[in-house]
Amino acid sequence: MNIHIIGGGNLGVAIALGLADFAKQTRITVTRRHTDAIQHLTQKGITVSADNTHQIDQADLVILTVKPYQTALVLQEIGGKLGNAVVASAVSGVSVADIRAHLPNHAIVRIMPNIAIQFGQSATCIAFDDKDRTAAQNVVSVFQKLGTAPVIEEKLMDAATVLGACGTAYALRYIRASMQAGIEIGFDSQTALAIAAQTAKGAAQMLLEEKIHPEQLIDRVTTPQGCTIVGLNEMEHQGFSSSLIKGIKTSLMKIRE
Ligand SMILES: NC(=O)c1ccc[n+]([C@@H]2O[C@H](COP(=O)([O-])OP(=O)(O)OC[C@H]3O[C@@H](n4cnc5c(N)ncnc54)[C@H](OP(=O)(O)O)[C@@H]3O)[C@@H](O)[C@H]2O)c1
């Protein structure tokens with residue numbers, strides 16, 4: 001599969017590196033205007049160009065990873081130069097209909113990955129119109145190689161952006177706070193970070209493998225009158241779950257502005 005990624009920034013590069021490592025049958029091109037920052041991708045066999053239309057007529061899949069305000073310009077630039085490519089947009093807040101207005105003859109898919117896609121660990125939510133279902137299934141297959149790829153209704157794309165993409169930052173802040181506490185109770189920073197990160201990864205892995213409610217696993221860790229439950233309850237008294245829920249809802253309100 002020939003994949004062109006337009007917008008080689010944080011997300012575009014993460015997708016390119018993930019594809020290079022986990023979808024080895026793909027040929028990848030990444031474009032941005034200032035290519036100095038992404039020349040390192042060539043070491044992975046990825047083509048780098050400042051020209052968004054470079055061999056784009058041969059692309060099977062075009063992935064848009066530019067900022068929302070850059071999208072219309074890019075679509076005008078590539079419109080009419082695409083062959084049979086499916087267009088997958090990771091641009092937040094830009095709808096399938098917005099893109100279809102520029103590219104009426106192409107299958108359009110919205111994707112919402114997160115930057116863990118570089119390590120094959122993204123939760124990439126995917127939405128499309130029913131008429132593009134067949135073409136979209138190929139896109140789903142690509143992103144399933146890079147983590148999970150749940151198909152959702154397009155009306156949930158903003159929520160997916162917050163939970164799945166912004167969610168990376170929330171999870172990292174949880175790990176940072178654990179690390180800081182770890183230092184306060186005696187570890188050096190590197191050891192505290194290694195323990196906190198692996199513990200979060202292990203907890204997530206158990207949930208994904210066992211497919212059960214988090215509280216069932218929490219029950220396995222909390223001895224009656226033990227140190228875990230008193231710590232957990234103190235966190236809740238201080239607003240732990242409530243602050244996370246409020247933060248996620250605030251992010252959603254911001255995205256909808
Ligand atoms: N970062 C995330 O975790 C994440 C997750 C999900 C979705 N998204 C969405 O993905 C998009 C990109 O986010 P990002 O964080 O990766 O932003 P970013 O780091 O700013 O990347 C955007 C890239 O687009 C390039 N660009 C700008 N104009 C261009 C043009 N005309 N042609 C080709 N490339 C152009 C920029 O490079 P030059 O200035 O050199 O051209 C820049 O490298 C956004 O719409 C965002 O909502 C991001």
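Domain bounds here come from an automatic or database domain assignment, and the model you have open is a predicted one.

Begin by colouring the two parts separately: select residues 2-152 for domain 1 and residues 159-255 for domain 2. If you place a marker at the C-alpha centre of each domain, the two markers will lie 31 Å apart.

Next, turn to the place where the domains meet, a contact to which domain 1 gives 7 residues and domain 2 gives 5 residues. The area buried between domain 1 and domain 2 comes to about 460 Å², and carbon and sulfur atoms account for 73% of it. On the side of domain 1, select Ser92, Met112 and Asn114, the residues that lose the most area to domain 2 and that together make up 61% of what this side buries. Sorted by class, the side of domain 1 that touches domain 2 consists of 5 nonpolar and 2 polar residues, with no charged residues. Looking across the interface of domain 1 and domain 2, you should expect 0 salt bridges, while 1 residue pair, with both residues at pLDDT 80 or more, is in polar contact.

Finally, select the cysteines, bearing in mind that the structure holds 0 disulfides. Why does Cys125 form no bond with Cys166? Cys166 holds the cysteine sulfur closest to that of Cys125, but the distance is 12 Å, which is too far for a bond. Show the surface around Cys125 as well, since this residue counts as buried at 13% relative accessibility, whereas Cys227, with a relative accessible area of 68%, is exposed.

Note on methods. Residues are numbered from 1 along each chain as its sequence is written. This is a predicted model: local features need pLDDT of at least 70, side-chain atom pairs count only at pLDDT 80 or more; totals for chains, interfaces and linings use all residues. Side-chain values use heavy atoms; hydrogens and water are left out. Contact means heavy atoms within 4.5 Å. Buried area is the accessible area (1.4 Å probe) that two parts lose on being put together, summed over both. A salt bridge is a side-chain nitrogen of Lys or Arg within 4 Å of a carboxyl oxygen of Asp or Glu. A polar contact is a pair of N or O atoms within 3.5 Å; within protein, one must be able to donate a hydrogen and the other to accept it, and residues adjacent in sequence count only if both atoms are side-chain atoms. Ala, Val, Leu, Ile, Met, Phe, Trp, Tyr, Cys and Pro count as nonpolar, Asp, Glu, Lys and Arg as charged, and the others, Gly among them, as polar. A disulfide is a pair of cysteine sulfur atoms within 2.5 Å. Buried means under 20% relative accessible area, exposed over 50%, partly exposed in between (1.4 Å probe, protein chains only).
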